[in-house]
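Me: I'm new to this structure and would love a close look at one part of it. Could you walk me through the salt bridges, one pair at a time?

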Amino acid sequence: MTSDATRTGPVAADTEKAGPERLARLLDDARFVLWDFDGPVCRLFAGHSAERVAADLVDWLEGRGLRGLLTETERESADPHAVLRAVDRRHPRSDLVEELEERLTQEELRATASAMPTAYADPLIRTWAAVGVRLAVATNNSPRVVRTYLTGRSLLACFTPHIYGRTQELRLLKPDPHTLVRALSAMGAAPSASLFIGDSPSDCQAARRARVPFLGYARDDRKAKLLRDEGADTVVDSFEPLVRLLRGRGR
């Protein structure tokens, strides 16, 4: 897989199609920027396979005699959140779900050690913070994980205290807009004066339900198609144009 900074092709063409004018309008209107975490800020599982984490959660359930709790499709899922949500649907707010969620959180925390920063995300975050735009994280990951990663990148101060992530109420994970609404409310932000950056169809759905303008980030063609199929009309494969636009305003 090629890096975000060097890839060319259809996704790059989408960035050009969006054009500096469309990106500039998004930036002009955004006084508050909400970020999804895994994808736009970093690749959390770059060196710690999410598929392996999902399989470990399934193995843990089977070790407790709970194989029948999941369908065959759920047992084969590469998404640990899908496994967690499947159990929660059958035993909402149970001790079992609480223990499974904590196991996932510990795996996410381990993953922060090998997480790969998304190209240009760090300078974009710092530049926005420097010009007075208020930032928040709205994610399905544990907020403990987000704080750990941001601390390691010296970025925590750019977001604190506005980090909103997974709670025991798993039904409120995106595409539910709960984390976005929490962030907007805490910051006193109007949806129309805000922007949400995400990389998945569920992010796009959550933004639409919260009435927040959406900027899609796609590191490959498959993700770009998924976002566009969901209705995202502005998708970029690199944050470099945004950094350039923001820095150009200070000259």
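Reply: Happy to; here is a short tour of the salt bridges and their surroundings. Please keep in mind that the model is predicted. In total, the structure holds 21 salt bridges, and three of these pairs are described below.

Let's begin with Glu74 and Arg90, whose closest N and O atoms lie 2.7 Å apart in a salt bridge. This pair links distant parts of the chain: Glu74 sits in helix α3 (residues 72-75), while Arg90 belongs to helix α4 (residues 80-90), 16 residues apart. Glu74 counts as buried because its relative accessibility is 13%, under the 20% cut-off. Arg90, with 35% relative accessibility, counts as partly exposed.

Next, look at helix α5 (residues 95-111), where Arg110 and Glu107 are 3 residues apart, so about one helical turn separates them. They form a salt bridge too, with 3.2 Å between the closest N and O atoms. Here Glu107 is buried, at a relative accessible area of 14%, whereas Arg110 is partly exposed, at 47%.

Now turn to a group of linked residues: Glu62, Arg67, Glu72 and Arg75 are joined into one network by salt bridges that share partners. Within this group, the side chains of Arg67 and Glu62 meet at 2.6 Å, N to O. Arg67 is partly exposed, with a relative accessible area of 41%, and Glu62 is also partly exposed, with 28%.

As for the general idea behind such pairs, side chains of opposite charge can pair when their charged atoms come close.

Terms used: Residues are numbered from 1 along each chain as its sequence is written. This is a predicted model: local features need pLDDT of at least 70, side-chain atom pairs count only at pLDDT 80 or more; totals for chains, interfaces and linings use all residues. Side-chain values use heavy atoms; hydrogens and water are left out. A salt bridge is a side-chain nitrogen of Lys or Arg within 4 Å of a carboxyl oxygen of Asp or Glu. Buried means under 20% relative accessible area, exposed over 50%, partly exposed in between (1.4 Å probe, protein chains only). Helices (H or I, at least four residues) and strands (E, at least two) are DSSP runs, numbered from the N terminus.
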